[in-house]
Structures are given as C-alpha cells and as structure tokens.
Amino acid sequence: MEVAGDAPLQRVVDYYEVAGPDYRAWSPAFNMHFGYWRWGMNPWRLAPMLEQMNAEVLARLGLPDGPVRVLDMGCGLGEVARYMARRRADAEVTALTIAPSQAQRGSRMTAAAGLERRVQIFHADYRRAPVADGSQDGAYAIESFCHARGAGREACVRELRRVLRTGGRFVVADGFMKHGERVPRWLDHVRSRVCAGWAIESFAELPAFVATLQAHGFVDVRAEEVFWPLAPSAAHVPATALRFLVAERRRGPLGEIRLGNVMAPLYGLALGLARRHFAYFLVSGRAG
C-alpha cells in the first residue's frame, strides 16, 4: 500500500467500499477469509470452518493469562476481532480497516453484539496503527497483508514490531509465492487475474517475508503450509460464486470491481493448485 492519497491505496479502498458488502454471500457473519478444516468437521458446512480459522489464529497467538491487548491489522467488518473478544473475556481488541464504510458498519455490528467496550474499530492504515509502541500482547493479519507492497512486506513487519511488546506474538494468514523466480506463463496470467480482482499489486514471497521478520528481531518464526485444511472451504467457492451471480444479475450489471471480486477466487483455485509456486500459510512468531 502507498501513502494516503496515492492510487494503489485508493484502489484497495474502492475495492472494499464497492465489493465489501458482497462478502455476505460467503459469510453472513462477514468472516472475510478462507476456512480451516479439522478431522471431524463437516466439510459441507462452510461457516464452522471459517470460525475455525479464527480459532487457529487465536491458538497460535498464545496469549498469556490475564488482561491482554490485541491488534487486528486489516479487520474488514471486525468479525474476527469480535470472535477474539468473545473467546477471551479479558481481551481488548483494536481493529483497523482502510475502508471508511467498514469502520462505521463494523462499529455498529460490534455495538449490536454488546462488545463495543472491548472491541474498537478504526478507519486507519495498518502501517501506521493508532496504538502506542510496545502496547500490544498480540497482533494478527488475516488476508490483509496481501494488499501491501514489497516481496517481504517491509512496512508491515516494521509496524508489527513497533506495536508488539517484547515477547508478544503475531500471526499472518495469507497466500504467498514460495519464491521470487519466474512462473509459467499460464500461472502468471492466473495470478494477474487474482491480483486484479482482489486489488492486490503482488503477493508476498515467503522467503523474503520470513527474512524480513527475522531482520526486525522476530524469533521462533514458523511458516505452516495449510493446503489440506484450507481445501474444503475453497471447494465452496464455485457454488457460492454461481449463486451470487444468479441472484445479482437479476438486479442489474455488477460492474468491474464487483465482478472482479467474484472471478478472483475462481482463478484462485487454479493458483492454489500450483503448489510448487504458491501456497496459503499461517506464519507466526514472537517479538524478540
């Protein structure tokens, strides 16, 4: 993401302002991310898998007992932040979104859930979080750092280290390129369509991201590839997209941004199968 007012940042804002409400078709609760499947879960039920991804992130945060402060770096409408607060009655969550309408609507949803005293949603750039240095016990970014710039997401990592106390933990759940080398032409085309639809300039590269984390003093960095846990939720994409298109086409043209948002996950299925080059990871670690 660029500084406020520059075109790349405005493109992300426009994407969420226009297409953000359409995520209701994926999750009525607005869990705006892929899910996580564990043995024993029903793969035909999407909502529990989406919540399970929240649980996996919370587990990897390893928050200490007692009152804690947690930062959500790219919260959408704040459902993950509310999940954190519901699971940890002693947690205060600060959640950031770059889209003004999401901050407003998310705050209303939080108040309706009775969590407004422990979850605060701000319209803010997660590279300049409105929290004090070293004030957070944990921080996470679920499918939001993809909108930033640079192979190693330098600005994101720098801010992540600023806000975390020493020993504080982070989790980043997102898609990553496994290397910085050239990819086959067909895959480059698919990747370009995914990036265009989701307002992404380029995916981060996992080796560069891990190296950036380590250069900024993070330790115990772990990158877990989660292809199989993610696959059952991804399998819901085609049917969800078809139902959405049928319903919305009756109301009129979707427009470029909304149509791109529908097509991106369909292309993303092909991207996700190119496991030599691309994968979804849960990256976690501790501020040293």
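The following dialogue shows how several features of this predicted model may be read.

Biologist: Let us begin with the interior. Which residues of the largest nonpolar core touch the most other members?

Modeller: In soluble globular proteins, nonpolar side chains tend to be buried together. In this predicted model, the largest nonpolar core has 66 residues. Those that touch the most other members are Phe-34, Met-84, Tyr-140, Trp-198, Phe-203 and Tyr-280. Helix α2, residues 46–61, gives the most to this core, namely eight residues.

Biologist: With which residues is Met-84 in contact, leaving aside its neighbours within four places in sequence?

Modeller: With those neighbours left aside, Met-84 is in contact with Asn-54, Val-57, Leu-58, Leu-61, Val-93 and Tyr-140. Tyr-140 is also among the core residues that touch the most other members. There is, in addition, a second, separate core of 29 residues, which includes Met-73, Phe-145, Val-172 and Leu-213.

Biologist: I should like to consider a single helix next. Which residues of helix α5 are buried?

Modeller: An α-helix has 3.6 residues a turn, so residues three or four places apart point the same way. Helix α5 spans residues 154–163, and its buried residues are Cys-156, Val-157, Glu-159, Leu-160, Arg-161 and Val-163.

Biologist: What covers the buried residues of α5?

Modeller: The cover includes the strands β1 (68–73), β4 (136–142), β5 (164–177), β6 (218–225) and β7 (278–287), together with helix α7 (206–215).

Biologist: How should one read charged pairs, and how many salt bridges does the structure hold?

Modeller: Side chains of opposite charge can pair when their charged atoms come close. This structure holds 22 salt bridges. In one of them, the side chains of Arg-60 and Glu-224 meet at 2.8 Å, N to O. This pair links distant parts of the chain, for Arg-60 is in helix α2 and Glu-224 in strand β6, 164 residues apart. Arg-60 and Glu-224 are both buried.

Biologist: Which residues are linked with Arg-60 and Glu-224 in a network of salt bridges?

Modeller: The network links Arg-38, Glu-56 and Arg-222 with Arg-60 and Glu-224.

Biologist: Where do Arg-162 and Asp-133 lie, and how exposed is Asp-133?

Modeller: The side chains of Arg-162 and Asp-133 meet in a salt bridge of 2.5 Å, N to O. Arg-162 lies in helix α5 and Asp-133 in the loop between β3 and β4, so the pair ties together parts that are 29 residues apart in sequence. Asp-133 counts as exposed because its relative accessible area is 58%, over the cut-off of 50%. Arg-162, at 25% relative accessibility, counts as partly exposed.

Biologist: Is Glu-79, which meets Arg-86 in a salt bridge, buried or exposed?

Modeller: The side chains of Glu-79 and Arg-86 meet at 2.7 Å, N to O. Glu-79 counts as buried because its relative accessibility is 8%, under the cut-off of 20%. Arg-86, with a relative accessible area of 37%, is partly exposed.

Biologist: Let us turn to a strand residue. Where does Phe-122 lie, and what does it touch beyond residues up to four places away in sequence?

Modeller: Phe-122 lies in strand β3, residues 119–123. Not counting residues up to four places away, Phe-122 touches Thr-94, Ala-95, Leu-96, Thr-97, Ala-103 and Pro-130. The C-alpha atoms of Phe-122 and Ala-99 are separated by 9.4 Å, while the two residues are 23 residues apart along the chain. Phe-122 counts as partly exposed, at 32% relative accessibility.

Biologist: Finally, how is empty space read, and which residues line the largest cavity?

Modeller: Rolling a probe the size of a water molecule over the atoms shows where empty space is left. The structure holds one cavity of 30 Å³ or more, and the largest cavity has a volume of about 40 Å³. Its lining consists of Phe-145, Cys-146, Arg-153, Asp-174, Gly-175, Phe-176, Ala-204 and Phe-209. Strand β5 gives the most to this lining, with three residues. By class, the lining of the largest cavity has five nonpolar, one polar and two charged residues.

Biologist: How many residues line the second largest pocket, and which element gives the most to its lining?

Modeller: The second largest pocket is lined by 13 residues, with Ala-196, Gly-197, Glu-256, Ile-257 and Gly-260 nearest its centre. About 280 Å³ of space lies in this pocket. Two or more lining residues come from each of α1 (7–19), α6 (185–197) and α10 (256–273). Helix α10 gives the most, with five residues. By class, the lining of this pocket has seven nonpolar, two polar and four charged residues.

Technical notes: Residues numbered from 1 in each chain as written. Predicted model: local features only at pLDDT ≥ 70, side-chain atom pairs only at ≥ 80, totals over all residues. Heavy atoms only, no water. Core = buried A, V, L, I, M, F, W, Y, C linked by side-chain atoms within 4.5 Å. Buried < 20%, exposed > 50% of the residue type's maximum accessible area, 1.4 Å probe, protein only. Helix = DSSP H or I, 4+ residues; strand = E, 2+ residues; numbered from the N terminus. Contact = heavy atoms within 4.5 Å. 1 Å grid on protein atoms, 1.4 Å probe; cavity = no way out; pocket = protein on both sides within 12 Å on 5 of 7 lines; lining within 4 Å. Points joined across faces, edges and corners; volume = space filled by probe spheres on them. Nonpolar A, V, L, I, M, F, W, Y, C, P; charged D, E, K, R; others polar. Salt bridge = Lys/Arg side-chain N within 4 Å of Asp/Glu carboxyl O.
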